[in-house]
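Open the model in your viewer, and keep the sequence panel beside it. We will walk through it one selection at a time.

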Amino acid sequence: MKKKLAFALDVTDIKQAQKIVDEISGLDIIIKVGYVLFIKGGNSFIKELKDRNFEVFLDLKFHDIPNTVYNGVSAVKDLGVDYLTLHTLGGPDMLARALEAKGNSNLKLLGVTILTSHREDYIDYIGSRYTIDELALKLAKTGIELGLDGIVCSANEVKKIKNEIKKQFLAVVPGIRLEGGESDDQSRVSTPKAAVESGADILVIGRPILRAKDKRKVIQDILQDIS
Ligand code: C5P
């Protein structure tokens with residue numbers, strides 16, 4: 001399968017987002033819209049992206065009671081986006097209801113395992129007897145067995161997760177940094193090439209592109225790197 005790049009359009013102003021979209025128009029990438037931009041731009045911004053033929057990844061990371069998530073996924077389905085995230089930590093009943101809401105639509109449900117910003121001390125915080133890697137694997141297995149289309153995990157865990165889960169699924173990996181770049185608030189980071197070599201199918205990259213003067217060129221270089 002062709003490796004894909006999901007550009008995290010993490011800006012807080014809709015005009016700025018539209019300007020960036022103009023700059024990168026026509027590139028074969030997914031645009032990831034988080035809740036900040038979704039709050040600002042709503043459905044009409046999603047429609048603009050679809051009209052420009054981008055695949056759209058709505059990163060709302062649902063984590064709520066099963067009934068609320070069922071209604072949330074049903075509402076997102078009507079938007080015609082391609083990918084939607086939810087937290088596997090929300091539990092199997094929540095995931096099952098999300099899958100029920102998805103039905104046989106083309107929406108792909110991606111389960112976030114453990115955020116790439118978390119370090120080992122998170123394990124103490126939630127009182128888990130697992131390490132971060134073990135917990136990410138356990139959550140990924142549960143999500144994929146229930147029928148999620150993919151999971152979101154760090155490059156550190158993706159190899160193990162791909163090896164241990166025999167079913168086909170999408171491994172979506174954020175926390176990607178270009179050679180020599182800053183890691184910001186991400187803890188478990190990798191370069192694009194290393195992440196795809198470990199088994200990532202979709203790379204999520206935000207700030208390394210957003211900070212660049214020539215965003216189009218940086219995206220093209222990454223696409224070349226992972227092809
Ligand atoms: O700027 P940066 O490349 O760190 O952006 C990563 C993006 O991926 C952000 O939009 C963040 O919300 C998202 N994300 C993440 N870790 C996850 C899931 C999503 O960093 N586990």
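## A tour by selection

Begin with Ala75, which counts as partly exposed because its relative accessibility is 46%. Before going on, keep in mind that this is a predicted model. Ala75 belongs to helix 3, residues 66-77. Now add Asp124 to the selection and draw a distance between the two C-alpha atoms: they are separated by 36 Å, although the residues are 49 apart along the chain.

**Next stop: the ligand**

Select the ligand and show what surrounds it. Which residues come nearest to the ligand? Of the 17 around it, they are Asp10, Lys32, Arg177, Gly206 and Arg207. Colour the shell by residue character and you should find eight nonpolar, three polar and six charged residues.

Now zoom in on individual contacts. Start with Asp10, where a polar side-chain atom lies 2.6 Å from an oxygen atom of the ligand. Move to Arg177, which also places a polar side-chain atom by a ligand oxygen, here at 2.7 Å. Then turn to Thr116: an N or O atom in its side chain is 2.9 Å from a nitrogen atom of the ligand. If you switch on a surface at this point, here is what to look for: the ligand taken alone exposes 470 Å², and the protein buries 87% of that.

Hide the ligand for a moment and look at the space it takes, which is the largest pocket. Which elements give two or more residues to the shell around the ligand? Select strand 3 (55-62), strand 8 (202-205) and helix 9 (207-210) to see them.

**Along strand 3 to Lys61**

Stay with strand 3 and pick out Lys61, which has its place there. Check its backbone angles: phi is near 45°, a positive value in a residue other than glycine. Lys61 counts as partly exposed, since its relative accessibility is 28%.

For another residue with this feature, jump to Asp184, in the loop between strand 7 and helix 8 (192-197). Its phi is near 55°, again a positive value in a residue other than glycine. Asp184 is partly exposed because its relative accessible area is 29%.

**Back into strand 7**

From that loop, step back to strand 7, residues 170-173, and select Val173. Is Val173 buried or exposed? It is buried, because its relative accessible area is 0%, and the cut-off for buried is under 20%. Add Ile226 to the view: from C-alpha to C-alpha, Val173 and Ile226 are 13 Å apart in space, with their positions 53 residues apart in sequence.

**Two threonines in loops**

Select Thr88 in the loop that runs between strand 4 (83-87) and helix 4 (92-102). With a relative accessibility of 4%, Thr88 counts as buried. What does its side chain reach? Follow it to the backbone oxygen of Val112, at 2.6 Å.

Val112 is a handy stepping stone, as strand 5 covers residues 108-112. The loop between strand 5 and helix 5 (121-126) holds our last residue, Thr113. Thr113 is buried, with a relative accessible area of 1%. Show its side chain and look for Val152, whose backbone oxygen lies 2.7 Å from a polar atom of the Thr113 side chain.

Note on methods: Residues numbered from 1 in each chain as written. Predicted model: local features only at pLDDT ≥ 70, side-chain atom pairs only at ≥ 80, totals over all residues. Heavy atoms only, no water. Near = heavy atom within 4 Å. Polar contact = N/O pair within 3.5 Å; in protein donor to acceptor, adjacent residues only side chain to side chain. Areas by Shrake-Rupley, 256 points an atom, 1.4 Å probe, with all protein chains shown as cover. 1 Å grid on protein atoms, 1.4 Å probe; cavity = no way out; pocket = protein on both sides within 12 Å on 5 of 7 lines; lining within 4 Å. Sits in = over half its atoms within 2 Å of the grid points. Helix = DSSP H or I, 4+ residues; strand = E, 2+ residues; numbered from the N terminus. Nonpolar A, V, L, I, M, F, W, Y, C, P; charged D, E, K, R; others polar. Buried < 20%, exposed > 50% of the residue type's maximum accessible area, 1.4 Å probe, protein only.
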